[in-house]
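Biologist: Please take one part of this model and look at it closely. I would like the start of the chain, residue by residue, and then how that part sits in the whole.

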Amino acid sequence: MAKVTIDGKDYDTDTLSEEAKNAIGALQFSEMEIQRLQAQLGAMQTARMVYANALKQALEKSGSATPDLSKMGDTIQFS
């Protein structure tokens, strides 16, 4: 006997309709996918900072003008 709590009210999943059980399954999948994507976003934001710092070091080493990379995502353009 599993239970689910919705808006502070407990429900026994064994007594729910198939439609409700399917909705719970879809909701659980959505929640897990959101958590996975948030973790992936965090990893990509960290990688972006590392790449921006590597670019800054490479530009400094080559003697190029050092850009302000604090807002790199807002100002960098590739063409």
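**The hairpin and the loop after it**

Modeller: Start with T13, which touches A2, K3, V4, K21 and I24, leaving aside residues up to four places away in sequence. This is a predicted model, so read every contact and angle as a property of the prediction. T13 lies in the loop between β2 and α1. Its contacts reach both ways. K3 and V4 fall within β1, which covers 3-6. K21 and I24 fall within α1, residues 18-62. T13 counts as buried because its relative accessible area is 17%, and the cut-off for buried is under 20%. One of its partners, I24, is also buried.

Now step back to the strands. β1 and β2 run antiparallel and are joined by four bridges. One of these pairs I6 with K9 in β2. The two strands make a hairpin, with two residues between them.

The turn deserves a separate look. D7 sits in the loop between β1 (3-6) and β2 (9-12). Its phi is positive, about 50°, yet D7 is not a glycine. Most residues other than glycine have a negative phi. Cover differs sharply between the two loop residues. D7 is exposed, at a relative accessible area of 82%. T13 is buried, at 17%.

Next, the helix that follows the T13 loop. Helix α1 has 45 residues, from 18 to 62. At 1.5 Å a residue, α1 should span 66 Å. Its end C-alpha atoms are 65 Å apart, so the expected and modelled spans agree. Besides I24, α1 has A47 and A52 as buried residues. After α1 comes G63, with a positive phi near 85°. Unlike G63, D7 has its positive phi without being a glycine.

Finally, the whole chain. From the N terminus on, the order is β-β-α-α. That makes two strands and two helices. The hairpin therefore comes ahead of both helices, as the order β-β-α-α and the DSSP numbering from the N terminus show. Of the 79 residues, 10% count as buried. T13 belongs to that buried share, as do I24, A47 and A52. The accessible surface of the chain is about 6,900 Å². Carbon and sulfur atoms hold 56% of that surface.

Methods. Residues numbered from 1 in each chain as written. Predicted model: local features only at pLDDT ≥ 70, side-chain atom pairs only at ≥ 80, totals over all residues. Heavy atoms only, no water. Buried < 20%, exposed > 50% of the residue type's maximum accessible area, 1.4 Å probe, protein only. Areas by Shrake-Rupley, 256 points an atom, 1.4 Å probe, with all protein chains shown as cover. Expected span 1.5 Å × (residues − 1). Contact = heavy atoms within 4.5 Å. Pairing = 2+ DSSP bridges.
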